[in-house]
Amino acid sequence: MKILFASAEAYPLAKVGGLGDVAGSLPKALKALGHDVRIVMPRYGMVQAPREEVVQFPVHLGDANHEAGLRTARIGQVPVYLIEKPDLYDRPKVYEYDDDGKRFGFFCKAILDLLPAADFWPDVIHTNDWHSALVPAFLRSTASQDERFRRIGTVLTIHNLLHQGLFPRQLFDWLGLPGSMWNHEGAEFYGQLNFMKAGIVFADCVNTVSPTYAKEIQTLEFGEGLDGLLRSYAAKLSGILNGIDHDVWNPAKDPFLIQKYSKSTLEKKSADKVALQKEAGLPPDAKAPLIGFVSRVTAQKGFDILVETFPQILQMGIQFVLLGTGEKKYEDPVSVLARTRSDLIVWLKYDEALAHRIYAGSDFFLMPSKFEPCGLGQMISLRYGTIPIVRSTGGLADTVVDMTADPSTGNGFVFRDYARDALLGAVQRAVAFYRARKGWRSIQRRAMSVDLSWKASARQYVALYERARGPLVGA
Ligand code: ADP
Ligand code: GLC
């Protein structure tokens, strides 16, 4: 099958969070299954590209004609189409600019307009999150006259329903989408253009990144205002659990580690703990349980309950390292607390190499998320024999089995309620289990034995593409 995988980020060219990991690894797994898969993304300032010649191609938005450049890079064996448009993309960050609507609206149309220039006619375009979610709408409108476009199927994967891409009506007009799509059954959401909603309505198939989140988003609590719409499209909605790239996340081969180790040489993992303690400036105490945390610092990741519980957690005689960036509202109290404690180390930055050393050097990995579409942190930590402590939501519920509830299959510690006491209770259980030592090696081995590769999920995506492909009906 010919697949065009559209994403705003793809590791290692550009990564902000889990979307970058997925876009850098799922296409490789599809390629390994024998499919012709190519990635398309904008070329930001930090994206290194080969010095080959740029092909110019026209991008039509309504009656206006723009120009963009096309270059090809690679991630492993997978070709990556980079869309060049310096005034929109040649900037130091991926997101968070005032004109993001224009930047990604343009991206959506450019994805279709590059097909003739690249002479690549995919069976399916796989769009991801709001940044590429207008592709199905464009495909059903402006491109619907052309048979080559009409044959393309579309999939939208929702990685995070919180971010929907909401913009004023002027953007809809600038993009040249047809007036027939401006209504509450189309791209409009309470008087604004909603990229994600347009994707849900116009894509042939919609999925999320875990089976539990696929159910959750159909409820008021997790639906972010779109639960009714999602329920009405339940027939084309499914959940497929993410995988992780076993080449990037592998303690036996990880170039960022002081000491490599595997399931059969788990005793060597302690050298990574010592190294992490040293790097963090923590006392070299082998017996103190070390809890790691690598994440965006936002409400989604559980900071409301974590900030309140932190002092009590630290009273348990543990060590804690936190790496992340995000909202000042949470960064500030956490760093203020860290200044008064020698057992809490906080790095407010993005650091890929340090993240690897935290996954390897910690005993536990904490993810008390309020909601979590899939979550990769807990999967990576399982692979590193670092025991996850998580709240039971979304993909966390689908990947971590509570040790107390099921000691023979447990691979982590799970709590249910989004509340301080529940979080505290889970950390207490985890720490007590660690101190008792009995069963510690076996839980680590069980964690490392979980199959978190893309193998099974990539096949499920192929089945989804099969469902999505086929002739489109014009809007
Ligand atoms: P999300 O996509 O919601 O941010 P995920 O758990 O799916 O959460 O993925 C987060 C990814 O980003 C993981 O690969 C994690 O290691 C990485 N990450 C998050 N924050 C940082 C940071 N400050 N430095 C390095 N890596 C980070
Ligand atoms: C989103 C979600 C996260 C998921 C990632 C990759 O950023 O917040 O849970 O793992 O996308 O799908």
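**Exercise 1. Backbone geometry in loops**

Arg437 lies in the loop between α16 (420–436) and α17 (440–449). For this residue of the predicted model, determine what sign phi has and whether Arg437 is buried, partly exposed or exposed. Then treat Tyr190 in the same manner, and state which peptide bond involving Pro12 is cis.

*Solution.*

Step 1. Phi of Arg437 is near 70°, a positive value in a residue other than glycine.

Step 2. The relative accessible area of Arg437 is 44%. Partly exposed residues fall between the limits of 20% and 50%, so Arg437 is partly exposed.

Step 3. Tyr190 belongs to the loop between β9 (188–189) and β10 (192–194). Its phi is positive, about 45°, although Tyr190 is not a glycine. With a relative accessible area of 74%, Tyr190 is exposed.

Step 4. The cis peptide bond runs from Tyr11 to Pro12, and its omega is near 10°. Pro12 sits in the loop between β1 (2–6) and α1 (18–32).

**Exercise 2. The surroundings of strand β5**

Establish how many residues of β5 (residues 78–84) are buried, which residues make up each of its faces, and in which sense β2 and β4 pair with β5.

*Solution.*

Step 1. Seven of the seven residues of β5 are buried, so the strand is largely enclosed by the rest of the structure.

Step 2. In a regular strand, side chains alternate between the two faces of the sheet. One side of β5 carries Val78, Val80, Leu82 and Glu84, the other Pro79, Tyr81 and Ile83, and both faces are covered.

Step 3. Strand β2 (residues 36–42) pairs with β5 in the parallel sense over four bridges; Ile39 stands opposite Val80.

Step 4. Strand β4 (residues 64–75) pairs with β5 in the antiparallel sense over seven bridges, and Ile75 stands opposite Val78. β4 and β5 form a hairpin with two residues between them, and Gly76 in the turn has a positive phi of about 60°.

**Exercise 3. The shell around ligand 2**

Identify which residues come nearest to ligand 2, and describe what polar contacts Glu372, Cys374 and Gly375 make with the ligand.

*Solution.*

Step 1. Of the 14 residues around ligand 2, the nearest are His159, Asn242, Glu372, Cys374 and Gly375.

Step 2. A polar side-chain atom of Glu372 lies 2.5 Å from an oxygen atom of the ligand. From the backbone, a polar atom of Cys374 is 3.0 Å from a ligand oxygen, and an N or O atom of Gly375 is 2.8 Å from a ligand oxygen.

Step 3. The protein covers 93% of the 310 Å² of accessible area that ligand 2 has on its own.

Step 4. The shell comprises six nonpolar, six polar and two charged residues. Domain 1 (2–243 + 455–468) and domain 2 (263–449) each supply at least three of the shell residues.

Definitions and conventions. Residues numbered from 1 in each chain as written. Chains lettered and ligands numbered in written order. Predicted model: local features only at pLDDT ≥ 70, side-chain atom pairs only at ≥ 80, totals over all residues. Heavy atoms only, no water. Buried < 20%, exposed > 50% of the residue type's maximum accessible area, 1.4 Å probe, protein only. Near = heavy atom within 4 Å. Polar contact = N/O pair within 3.5 Å; in protein donor to acceptor, adjacent residues only side chain to side chain. Areas by Shrake-Rupley, 256 points an atom, 1.4 Å probe, with all protein chains shown as cover. Nonpolar A, V, L, I, M, F, W, Y, C, P; charged D, E, K, R; others polar. Domains from an automatic or database assignment. Pairing = 2+ DSSP bridges.
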